[in-house]
Amino acid sequence: MFYALLETAPAGISATQWVLIGLLGVLLIALPVMQISKRKKETTRMQDMTNGLRIGDTVLTTAGIIGKIVDIKNSQTGGKAVTLETGSGKFVSYITVDIAAVYAPLEQPWKEKELAEANKQAEKQLEKETAEKTDQQSPKEINANVEQVKKEKNKKVNSTKK
């Protein structure tokens, strides 16, 4: 069918020119569609980020201000406004910005430290429980369990080689 169209083309336009015109048409349609989908993904990401903001979160604004959220309220323009606390000690100040001006929430190092401590405590508890179980077993039972684990590993290795 494509070749039939090329044969009936006017004498001044060659097959190569028709292909170039077709590619140009595809590009003129594909580029705006790709830009719209990219913009939609970015809007969705921003919406999810702003909906996830809570009082107490530390954020960075588009102006480069780092602050702690102390209040989130509906603004007069119909959106949401965020009140940020900046500074420390006797140099504390407050600024209210539109929620769209929040660039990104910042990681909070004290939460990471708390999580690390909780993980360490959980590991210690697991080690204690494991030690208690092995204390209750005789050395023969421990050796039998070790041998059983080795056999299972060998079976898995052999089955993956096949």
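**A walk through the chain**

Read from the N terminus, the elements of the chain follow the order α-α-β-β-β-β-β-α-α. That gives four helices and five strands. The model is a predicted one. The chain has 162 residues, and 12% of them are buried. About 13,600 Å² of the chain is exposed, with carbon and sulfur atoms supplying 59% of that area. Among the contacts with a separation of 6 or more, 30% join residues that lie 24 or more positions apart.

Helix 2 is a convenient place to begin. Helix 2 covers residues 15-51, and I21 is found in it. On the surface, I21 forms a nonpolar patch together with I13 and W18, and the accessible area of the three comes to about 250 Å². I21 counts as partly exposed because its relative accessible area is 47%, a value between the 20% limit for buried and the 50% limit for exposed.

Further along helix 2 there is a pair of charged residues. Side chains of opposite charge can pair when their charged atoms come close. Here the side chains of E42 and R45 meet in a salt bridge, with 2.8 Å from N to O. The count of salt bridges comes to one. E42 and R45 are three residues apart in helix 2, so about one helical turn separates them. E42 is partly exposed, with a relative accessible area of 38%. R45 is likewise partly exposed, at 42%.

The next topic is the interior. The largest nonpolar core has nine residues: M49, L53, V59, I69, V82, L84, V97, I99 and V102. I69 can serve as an example of how a core member is surrounded. Setting aside neighbours within four places in sequence, I69 is in contact with L53, V59, V82 and L84, which are among its partners, and these four also belong to the core. The other contacts of I69 are R54, I55, G56, D57 and T83.

Strand 1 spans residues 58-61 and includes T61. Is T61 buried or exposed? T61 is buried because its relative accessible area is 5%, and the limit for buried is under 20%. Leaving out residues up to four places away in sequence, T61 touches L84, V97, A101, V102 and Y103. Of these, L84, V97 and V102 are members of the largest nonpolar core.

Strand 3 runs over residues 80-86, and T86 is located in it. T86 is buried too, with a relative accessible area of 13%. Which side chain makes a polar contact with the side chain of T86? The partner is the side chain of S93, at 2.7 Å. S93 also appears among the residues that T86 touches, beyond those up to four places away in sequence. The others on that list are I65, I66, G67, F91 and V92.

Taken together, the places visited include a surface patch of I13, W18 and I21, a salt bridge between E42 and R45, and a nonpolar core of nine residues. The two threonines described are both buried, T61 in one case and T86 in the other.

Conventions:
Residues numbered from 1 in each chain as written. Predicted model: local features only at pLDDT ≥ 70, side-chain atom pairs only at ≥ 80, totals over all residues. Heavy atoms only, no water. Patch = residues over 30% accessible without salt bridge, like charges linked within 9 Å, V, L, I, M, F, W, Y side chains within 5 Å. Areas by Shrake-Rupley, 256 points an atom, 1.4 Å probe, with all protein chains shown as cover. Salt bridge = Lys/Arg side-chain N within 4 Å of Asp/Glu carboxyl O. Helix = DSSP H or I, 4+ residues; strand = E, 2+ residues; numbered from the N terminus. Buried < 20%, exposed > 50% of the residue type's maximum accessible area, 1.4 Å probe, protein only. Contact = heavy atoms within 4.5 Å. Core = buried A, V, L, I, M, F, W, Y, C linked by side-chain atoms within 4.5 Å. Polar contact = N/O pair within 3.5 Å; in protein donor to acceptor, adjacent residues only side chain to side chain.
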